[in-house]
Amino acid sequence: MLPPLLLLLLLLGTPGLQSQGQEPVEEPPEAESPSEEDGVLVLSQHSLGRALQEHRALLVEFYAPWCGHCQALAPEYSKAAALLAAESAAVTLAKVDASAEPELTEEFGVTDYPTLKFFRDGNRTHPEEYTGPREAKGIAEWLRRRVGASARRLEDEESARALIDAQDVVVIGFFQDLQDEDVATFLDLARDALDMTFGLTDSLQLFEKFGLTADTVVLFKKFDEGRADFPVDTELGLDLGDLSRFLVTHSMHLVTDFNSQTSPKIFAAKILNHLLLFINETLAAHRELRAGFTEAAPPFRGKVLFVVVDVAADNGHVLQYFGLKADEAPTLRLINMETNKKHAPAAREPITAASVTTFCEAVLHGQVQPYLLSQEVPPDWDQRPVKTLVGKNFEQVVYDEAKSVFVKFYAPWCSHCKEMAPAWEALAEKYKDREDIVIAELDATSNELEGLTVHGFPTLMYFPAGPGRKMIEYKSNRDVETFSKFLDNGGELPPEEPAAPSPEPPANATVEPKEEL
């Protein structure tokens with residue numbers, strides 16, 4: 001029997017004494033310190049918490065080693081980290097191999113790669129989604145405008161002039177009260193409009209200098225009319241959407257040359273109608289057409305975006321999209337970016353300010369019918385197991401009530417289309433003797449169809465036999481076995497038979513991706 005004192009000590013749990021067989025308590029492991037690679041922190045489940053504590057502003061990229069977009073981003077991401085480090089910016093860049101960290105992937109709802117999230121002040125539960133560019137300077141500027149001021153405070157004419165002279169496009173908010181909620185709206189917009197430089201002032205001297213008496217946002221530019229004013233509504237205040245549209249519209253040249261540098265802004269512009277002048281810049285007679293084209297543009301600002309396409313430059317893809325050849329220049333085309341409807345002048349008349357104006361007004365008033373692209377029907381279109389469709393034979397084949405037709409809409413440059421091509425050929429070979437089933441394909445970049453718009457590639461559509469012009473989009477696995485089940489079951493997949501449980505794929509694994517237009 002234990003002595004009374006020793007028994008009491010054991011009951012009280014005196015340090016250093018434990019009963020026989022009792023396991024010692026294990027302390028939780030300390031948080032790991034993040035490692036670093038090319039100036040970017042490498043995080044894991046065990047080091048993220050510590051990184052959030054040590055860095056008040058932290059941008060985290062969730063990537064997968066096999067992801068092509070992630071591989072393209074990697075050098076730009078490291079360059080951005082170097083740019084910010086060189087100026088001692090109070091922000092840190094980090095990355096997580098999401099394929100190796102499923103807990104973090106699930107915690108932050110990562111479903112695509114790469115996904116970037118911005119954490120402030122250690123807040124783990126409400127990170128901001130990164131919405132900026134994927135090149136070094138753009139990433140750095142996006143972060144600067146979050147950890148610093150998104151607009152420069154201007155006190156006098158000298159500082160205002162210095163800002164205006166430094167950039168091609170500068171936006172200055174003139175507000176009589178910098179505590180007004182309109183100022184917060186202005187600064188919110190400035191955080192994300194990375195292609196513009198912003199200033200802010202409440203100086204009466206500057207109000208007078210620029211001829212203002214009320215709150216106004218002014219866009220200064222070194223081209224066209226030089227300045228555009230957006231008065232703040234005294235009753236409704238500053239509307240973020242209206243101001244954003246105003247700045248996009250007026251920050252662009254009245255006439256924009258299409259090239260790799262300007263195309264992102266052209267496609268991002270919230271102007272639905274684009275008028276394109278196709279010319280050969282090597283010919284003086286073509287270059288002279290710019291004057292009339294530019295003269296016609298001002299009344300259509302905000303309604304029609306005027307664009308010049310040089311057919312002598314590397315713009316073959318634009319010509320193809322409009323069904324044109326270089327020797328057809330000079331010519332005009334007007335496209336609505338929402339409906340993808342294309343319009344051409346009824347006759348080849350001289351391109352002048354008057355003819356451009358007349359054509360634009362006619363299209364906007366619905367007086368010009370859109371045209372549809374179509375290749376010519378190949379003589380051997382039905383000689384292979386996979387039938388070749390174009391715009392001119394599509395309806396005849398697809399809406400034959402005696403046949404069910406399964407069509408692949410593809411783009412010649414689409415990698416996903418190329419990957420599934422063998423399966424599509426094998427499917428056609430399997431059903432080549434079935435008179436009631438047709439396997440076909442259509443190049444959707446060179447053929448357009450009334451009432452059917454393709455937004456991504458490949459798109460697979462099933463047109464069942466019978467009346468009614470029915471259409472069913474196929475969205476399952478792209479293999480011969482699944483295709484066959486779909487066809488044999490009349491355009492729908494049969495219910496799956498119960499099977500033994502198998503490991504689920506990662507939440508962010510896309511089984512059958514498409515490439516967008």
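Biologist: Two strands pair if DSSP finds at least two bridges between them; with that settled, which residue in β21 is the bridge partner of K408?

Modeller: Keeping in mind that this is a predicted model, the partner of K408 in β21 is L460. That pair belongs to the contact between β18, residues 404-410, and β21, where the two strands run antiparallel and are joined by 5 bridges.

Biologist: What about β22, how many bridges join β21 to it?

Modeller: There are 3 bridges between β21 and β22, and the two again run antiparallel. Within that pairing, M461 stands opposite E473 of β22.

Biologist: And how many residues of β21 are buried?

Modeller: The count is 5 of the 5, so β21 is largely enclosed by the rest of the structure. In a regular strand the side chains alternate between the two faces of the sheet. For β21, T459, M461 and F463 are on one side while L460 and Y462 are on the other, and with every one of these buried, both faces are covered.

Biologist: What sits just before it, around P458?

Modeller: P458 is in the loop between β20, residues 456-457, and β21, residues 459-463. The peptide bond that leads into P458 from F457 is cis, with omega near -10°.

Biologist: Which other proline has a cis bond before it?

Modeller: P114 does, since the peptide bond from Y113 to P114 is cis with omega near -10°. P114 is located in the loop that runs from α4, residues 102-107, to β5, residues 115-120.

Biologist: T115 comes right after; is T115 buried or exposed?

Modeller: T115, which lies in strand β5, has a relative accessible area of 13%, and because the cut-off for buried is under 20%, T115 counts as buried. A polar atom of the T115 side chain lies 2.6 Å from the backbone oxygen of D112. Leaving aside residues up to four places away in sequence, T115 touches V60, E61, F62, V110 and E129.

Biologist: Changing topic to backbone angles, what is phi of D38?

Modeller: Phi of D38 is near 55°, which is a positive value in a residue other than glycine. D38 is in the loop between β1, residues 35-37, and β2, residues 40-43, and at 61% relative accessibility D38 counts as exposed.

Biologist: And where is R469, and what is its phi?

Modeller: R469 occupies the loop between β21 and β22, residues 472-474, and its phi is near 50°, again positive in a residue other than glycine. R469 has a relative accessible area of 51% and is exposed.

Biologist: Let's move to the sheets; in what order do the strands of the one with β7 come?

Modeller: The order is β7-β9-β8-β10-β11, in an open sheet of 5 strands with mixed pairing. β7, residues 152-153, and β11 stand at the edges with a single partner strand each, so one side of each has no neighbour in the sheet. β8 and β10 pair in the antiparallel sense over 6 bridges, and one of the residue pairs there is V170 with its partner F220 in β10.

Biologist: Which strands does α7 lie across?

Modeller: α7 lies across β8, β9 and β10, and runs at about 165° to β9.

Biologist: What else is around there, say, what covers the buried residues of α9?

Modeller: The cover includes α7, residues 181-192, and α10, residues 263-268, together with the strands β8, β9, β10 and β11. The buried residues of α9 themselves are L243, S244, F246, L247, V248, T249, H250 and S251.

Biologist: How far does α9 reach, and what caps its N-terminal end?

Modeller: α9 spans residues 240-251, and from its first C-alpha to its last these 12 residues reach 16 Å, close to the 16 Å expected at 1.5 Å a residue. D239 is the N-terminal cap, with a side-chain oxygen 3.1 Å from the backbone nitrogen of G241.

Biologist: Last one, then: which strands stand at the edges of the sheet with β13?

Modeller: That open sheet has 5 strands in the order β12-β14-β13-β15-β16, with mixed pairing. Its edges are β12, residues 255-257, and β16, residues 342-343, each with a single partner strand, so one side of each is left without a neighbour in the sheet. β13 and β15 pair in the antiparallel sense over 6 bridges, with F278 partnered by T331 of β15. Helix α14, residues 353-364, lies across β13, β14, β15 and β16 and runs at about 25° to β15.

Note on methods: Residues numbered from 1 in each chain as written. Predicted model: local features only at pLDDT ≥ 70, side-chain atom pairs only at ≥ 80, totals over all residues. Heavy atoms only, no water. Helix = DSSP H or I, 4+ residues; strand = E, 2+ residues; numbered from the N terminus. Expected span 1.5 Å × (residues − 1). Buried < 20%, exposed > 50% of the residue type's maximum accessible area, 1.4 Å probe, protein only. Contact = heavy atoms within 4.5 Å. Polar contact = N/O pair within 3.5 Å; in protein donor to acceptor, adjacent residues only side chain to side chain. Pairing = 2+ DSSP bridges. Axes fitted to C-alpha atoms, helices over the stretch in contact; angles between N-to-C directions.
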